[in-house]
Amino acid sequence: MRFTAIFLALWWSAATANAQVDADRAIRNYRDVASGHRQLGQLTPFERQEVAEVDRILRTRKIDKRTPKERCIQDEISRSDGETTYLERRVIELKCSGY
């Protein structure tokens, strides 16, 4: 969630130079609306826009379902141009076994 907050803060600071945007507030409002603690009608138009943007970003973000070990192995194979020998593969698996 920290990455999302940083991303939102940077994106909004560039996209809305005149508007005062608070990424923490936007995420908090998004969570409140999603959990039913607040209704969209209780938010200001600007806050509704922030919540909609948080929702859009979260829906379009790709979720990597691989385990850390699988990511490590794939990263190492990618560094070697995708072609590995049996011995290289075993070394990679050993290197990534700590995950």
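Visitor: Welcome me in at helix α4: which residue that follows α4 has a positive phi?
Guide: This is a predicted model, in which local features need pLDDT of at least 70 and side-chain atom pairs count only at pLDDT 80 or more, while totals for chains, interfaces and linings use all residues. Residues are numbered from 1 along each chain as its sequence is written, and side-chain values use heavy atoms, with hydrogens and water left out. Helices are DSSP runs of H or I with at least four residues, strands are runs of E with at least two, and both are numbered from the N terminus. After α4, the residue with a phi near 60° is Asp 81.

Visitor: How many helices and strands does the protein chain have?
Guide: Along the sequence, the pattern reads α-α-α-α-α. The count is therefore 5 helices and 0 strands.

Visitor: How far apart are the end C-alpha atoms of α4?
Guide: Helix α4 covers residues 68–79, which is 12 residues. The expected span of a helix is 1.5 Å times one less than its number of residues, so α4 should span 16 Å. The model agrees, with its end C-alpha atoms separated by 16 Å.

Visitor: Within what arc do the buried residues of α4 fall?
Guide: Buried means under 20% relative accessible area, exposed means over 50%, and partly exposed lies in between, using a 1.4 Å probe and protein chains only. In α4, the buried residues are Cys 72, Ile 73, Glu 76 and Ile 77. Viewed down the axis, they line one face of the helix, because the directions from the helix axis to their C-beta atoms fall within an arc of 130°.

Visitor: Which helix is included in what covers those buried residues of α4?
Guide: Contact here means heavy atoms within 4.5 Å. The cover of the buried α4 residues includes a helix spanning 86–95, namely α5.

Visitor: Which cysteines form the disulfide?
Guide: A disulfide is a covalent bond between the sulfur atoms of two cysteines, and here it is assigned to a pair of sulfur atoms within 2.5 Å. The structure holds 1 such link, with its sulfur atoms 2.0 Å apart. The pair joins distant parts of the chain, 24 residues apart, from helix α4 to the segment after α5. Both partners are buried, and they are Cys 72 and Cys 96.

Visitor: Is the link of Cys 72 and Cys 96 left-handed or right-handed?
Guide: Look at the rotation about the S-S bond, which is -70°. That link is left-handed.

Visitor: At roughly what angle do the axes of α2 and α3 cross?
Guide: Axes are lines fitted to C-alpha atoms, for helices over the stretch in contact, with angles from 0 to 180 degrees between N-to-C directions. Angles under 35 degrees count as roughly parallel, over 145 as roughly antiparallel, 65 to 115 as roughly perpendicular and the rest as oblique. Helices α2 and α3 are therefore roughly perpendicular. Their axes come within 9 Å, and the crossing angle is roughly 80°.

Visitor: Is Ala 52 of α3 exposed, partly exposed or buried?
Guide: Ala 52 sits in helix α3, its C-alpha atom 9.1 Å from that of Ala 26. Its relative accessibility is 46%, so Ala 52 counts as partly exposed.

Visitor: What is the relative accessibility of Gln 39?
Guide: Gln 39 lies in the loop between α2 and α3, with its C-alpha atom 9.4 Å from that of Asn 29. Gln 39 counts as exposed because its relative accessibility is 51%.
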